[in-house]
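This briefing goes through a protein model in three parts: the ligand and its surroundings, the packing of some helices, and two details of the backbone. Please keep the structure in view while reading.

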Amino acid sequence: MEFGLTEEQVELRSAAQDIVSAFDDEYWAQKDLAKEFPTEFYDHLASHGWLGITTPEQYGGGGMGITEATLLLEAIAAGGGAMNAASSVHMTIFGMHPVIVHGSDELKQENLPRVASGDLHVCFGVTEPDAGLDTTRITTTATRRGTDYVVRGRKVWISKALESERILLLTRTTPRSEVEKPTDGLTLFFTDLDRSRVDIRPIRKIGRNAVSSNELVIDDLVVPEAHRVGEEGKGFSYILDGLNPERMLIAAEALGIGRAALAKATAYAKDRVVFDRAIGMNQGIQFPLADSLAKLDAAELALRHATWTYDQGLPSGRTANTAKYLCAEAGYEAADRAVQTHGGMGYSEEYHVGRYLREVRLMRIAPVSQEMVLNYLGTKALGLPRSY
Ligand SMILES: Cc1cc2nc3c(=O)[nH]c(=O)nc-3n(C[C@H](O)[C@H](O)[C@H](O)COP(=O)(O)OP(=O)(O)OC[C@H]3O[C@@H](n4cnc5c(N)ncnc54)[C@H](O)[C@@H]3O)c2cc1C
């Protein structure tokens with residue numbers, strides 16, 4: 001059994017840590033407060049060729065796998081930027097997967113080199129207000145009109161829509177009542193986010209404020225047939241293809257935040273003296289931090305196993321879900337404990353652990369909730385009856 005990273009992967013992680021270190025906690029705190037997209041950070045990564053590392057080489061990328069992508073995203077989150085940093089590039093790094101696998105040559109030629117260079121900002125539009133996690137209930141429709149489709153509907157929580165030129169958009173082309181399986185009749189497009197047809201409104205939220213999350217009202221958006229990804233009616237399966245690597249990326253981001261939080265808590269526990277002793281001498285402080293170290297290490301192993309299965313072409317539903325679940329729990333717990341270790345200062349903005357906590361909390365909800373991960377493991381891995 002081989003758990004180690006290759007020499008190239010170790011180098012990649014170290015180079016990623018270096019590049020990310022140009023942006024400190026103060027930069028991220030300021031961006032979060034100002035609700036401002038981290039353009040300098042995004043451009044810095046783009047100019048050093050990081051954004052296309054997983055894009056196939058023929059489209060100007062590095063052709064690397066999910067293992068390398070998770071190492072990069074973990075380093076990005078651990079650098080103090082947490083989800084503000086990770087979400088600014090997340091979709092670019094691995095989100096184009098359905099287009100890479102199922103898109104036409106023309107669609108790929110037109111878009112992938114621009115995505116890889118960072119020139120094209122993209123977002124992902126699945127969630128709808130009345131469907132929630134039950135994606136087959138989406139009601140955004142795409143209706144044929146000659147060689148075009150006309151799209152109408154509403155999306156919610158679409159990250160980075162405000163900054164994006166194009167959207168990977170899931171729609172219904174055949175009503176749910178007319179298809180054999182509810183997952184049939186959904187169609188995926190990669191198309192322009194035409195502001196004259198799409199109203200984009202940012203949602204006020206409790207964290208990750210440098211990257212917008214938006215409500216979209218789509219009113220007769222005309223989408224050329226050439227912007228369809230793969231076949232009509234098969235969009236759900238294309239999205240499913242990308243879900244496992246997405247869960248691994250999310251796991252890596254939670255892990256990175258957990259590591260950053262633990263490092264801050266450890267440093268503070270060594271320095272802060274109360275009752276004539278460093279607070280880290282108290283087992284009430286030391287044990288939770290040691291426990292978090294063990295849990296983060298275990299979660300990291302689950303993640304490495306998951307990315308390995310994916311890169312080997314092995315089934316990765318169970319490993320991806322397990323990694324996402326464990327990393328999200330371990331990352332959240334480490335951030336919560338970092339706040340506790342800082343006492344009152346944990347509640348101030350000055351020490352950044354409060355920001356980490358707000359941001360890592362997200363990974364227990366999105367892109368898939370912990371409950372739905374357990375539903376998956378309960379039904380698919382244990383064979384228990386479905387509750388949904
Ligand atoms: C900051 C942020 C960014 C996001 N970015 C994007 C994006 O870019 N693109 C996009 O498409 N979406 C995005 N989302 C949406 C995200 O994927 C959803 O919020 C998430 O999938 C949960 O769906 P929901 O909010 O509709 O919850 P609901 O479906 O309303 O569920 C609510 C709660 O009920 C639980 N629940 C529901 N059914 C069951 C069941 N059968 N068993 C057990 N528990 C159940 C859920 O686990 C959850 O805790 C984002 C969300 C946030 C908060």
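**Ligand, helices and backbone**

The ligand is surrounded by 17 residues, and T127, L133, W157, S369 and E371 are the closest of them. The model is a predicted one. The points below begin with the ligand, then turn to the helices α7, α8 and α9, and end with a cis peptide bond and a positive phi value.

**Around the ligand**

- The shell around the ligand consists of 10 nonpolar residues, six polar ones and one charged one.
- F124 uses a polar backbone atom, which is 2.8 Å from a nitrogen atom of the ligand.
- V126 also has a backbone atom, an N or O, that lies 2.9 Å from an oxygen atom of the ligand.
- With S159 the atom belongs to the side chain: a polar atom there lies 2.8 Å from a nitrogen atom of the ligand.
- On its own the ligand has 970 Å² of accessible area, and the protein covers 67% of that.
- Two or more residues of the shell come from each of the elements β3 (148–159) and α11 (370–381).
- β3 gives three residues, the largest share of the shell.

**Packing of the helices**

- Two packed helices are described by the angle between their axes and the distance between the axes.
- Helix α8 covers residues 283–311 and helix α9 covers residues 317–341; their axes are 8 Å apart and meet at an angle of about 155°.
- An angle over 145° counts as roughly antiparallel, and α8 and α9 are therefore roughly antiparallel to each other.
- Where α8 passes α9, the crossing is left-handed.
- The contact of α8 with α9 involves 14 nonpolar, six polar and four charged residues.
- Helix α7, residues 235–271, packs with α8 at an angle of about 155°, and here the axes are 10 Å apart.
- By the cut-off of 145°, α7 and α8 are therefore roughly antiparallel to each other as well.
- The crossing of α7 and α8 is left-handed.

**Details of the backbone**

- Most residues other than glycine have a negative phi, and most peptide bonds are trans.
- Which kind of peptide bond joins A366 and P367? The bond is cis, with omega at about 0°.
- P367 sits in the loop between α10 (353–361) and α11.
- K35 is a residue other than glycine with a positive phi, near 55°.
- The place of K35 is the loop between α2 (25–34) and α3 (39–47).

Conventions:
Residues are numbered from 1 along each chain as its sequence is written. This is a predicted model: local features need pLDDT of at least 70, side-chain atom pairs count only at pLDDT 80 or more; totals for chains, interfaces and linings use all residues. Side-chain values use heavy atoms; hydrogens and water are left out. Axes are lines fitted to C-alpha atoms, for helices over the stretch in contact, and angles run from 0 to 180 degrees between N-to-C directions. Helices (H or I, at least four residues) and strands (E, at least two) are DSSP runs, numbered from the N terminus. Angles under 35 degrees count as roughly parallel, over 145 as roughly antiparallel, 65 to 115 as roughly perpendicular and the rest as oblique. A crossing is left-handed if the near helix is turned anticlockwise from the far one by less than a right angle, and right-handed if clockwise. Ala, Val, Leu, Ile, Met, Phe, Trp, Tyr, Cys and Pro count as nonpolar, Asp, Glu, Lys and Arg as charged, and the others, Gly among them, as polar. A residue is near a molecule or strand if one of its heavy atoms lies within 4 Å of it. A polar contact is a pair of N or O atoms within 3.5 Å; within protein, one must be able to donate a hydrogen and the other to accept it, and residues adjacent in sequence count only if both atoms are side-chain atoms. Accessible areas come from the Shrake-Rupley method with a 1.4 Å probe; for residues, only the protein chains shown count as cover.
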